[in-house]
Amino acid sequence: MKISPTDNGCGAEIEGVNLHAMSNDEVEAIADAQAAYGVVFFRGQTLTADDQLAAAGRFGRINVNRFFTPVPEQPKVAIVLKEPHHKVNVGGGWHTDHSYDDAPALGSMLYALEVPSSGGDTLFASMYKAYEALSPELRRTVEGLRAVHSSRHVFGAKGAYAKKGDERYHNAERATQDALHPVVIRHPRSGRPALYVNPGFTVRIDGWSEEESRSLLERLYEVAAREEHTCRFRWEVGSVAFWDNRATWHYALNDYPGQRRLMHRVTVEGGTLSPFDAAHG
């Protein structure tokens, strides 16, 4: 196995691994690399839906997304699809999967089956680097705060996708939950502090109104999305990205009009998140 981090430490490419035939040592090394770099990339994989499910299952229990259309032959695997007639893609803005859950998902494993002739890359942003880039004063401000996250405005009956009548999403009636998480978490595996708010699902700071929260959240988002905190993955058929939702944001670029892009996604269950306490290291 060869692990090659990007120059700025957001993401790492891993060579020499077949995801459907990993040893226990390889699983641990991949999990450590994912926790260290936020996202790991693989090329040249050949995975059935069952293969992908089994590979993801080596890293934890499977979380079946309640809003995405499942693969017909394997309902625990979700379809991430943009057809030529779709104007809007899936994940076309900075976000973190499942932050709206009380126990957010550990990560998501995305496998490319069809890619456009050009475009369709995915951007990732390191929330370790985002936290490190905050001024000491801003760190003191956000440490100890909690934020409210929700799926209502995205997947709910009055949410963005329902208003568009998008057939790729289902169960709007199940988008009723909100969750409360620390603004700065201690990553469960690496122990490092990471910023844990995102433009897709964070609604407000706990105890503040949305209006009162807006200025602080936008300031945090500006820092987090800076180019020096990001990496860009160019997809090929057989590519896999396996990202850590506690340490990264991601953004699927919608720059391939009239072309088809088909991915399969499996989500790995996580757990409740603990706040980072700078005073205790």
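This is a short chat about some strands in a predicted model.

Colleague: I'm looking at strand β17. Is it mostly covered or uncovered?
Modeller: Mostly covered. Strand β17 spans residues 261-268, and 8 of its 8 residues are buried.

Colleague: Which residues point which way from β17?
Modeller: Arg261, Met263, Arg265 and Thr267 point one way, while Leu262, His264, Val266 and Val268 point the other way. Residues on both sides are buried.

Colleague: OK, how many bridges join β6 to β17?
Modeller: There are 5, and the two strands pair in the antiparallel sense. Strand β6 covers residues 74-82. One pair to look up is leucine 81, whose bridge partner in β17 is leucine 262.

Colleague: And what about β7 and β17?
Modeller: Strand β7, residues 107-114, pairs with β17 over 7 bridges, again in the antiparallel sense. Here tyrosine 111 has histidine 264 of β17 as its bridge partner.

Colleague: Where does β4 come in?
Modeller: Strand β4 is residues 62-63, and 2 bridges join it to β17, with the strands running antiparallel. Isoleucine 62 has valine 268 as its bridge partner in β17.

Colleague: Changing topic: what is the strand order in the open sheet with β9?
Modeller: That sheet has 3 strands in the order β10-β9-β13, with antiparallel pairing. The edge strands are β10 (178-182) and β13 (202-205), each pairing on one side only. From one strand to the next, the twist averages 30 degrees.

Colleague: How many bridges join β9 to β13?
Modeller: 3 bridges join β13 to β9, which is residues 146-150. For valine 148, the bridge partner in β13 is arginine 204.

Conventions: Residues numbered from 1 in each chain as written. Predicted model: local features only at pLDDT ≥ 70, side-chain atom pairs only at ≥ 80, totals over all residues. Heavy atoms only, no water. Buried < 20%, exposed > 50% of the residue type's maximum accessible area, 1.4 Å probe, protein only. Helix = DSSP H or I, 4+ residues; strand = E, 2+ residues; numbered from the N terminus. Pairing = 2+ DSSP bridges. Axes fitted to C-alpha atoms, helices over the stretch in contact; angles between N-to-C directions.
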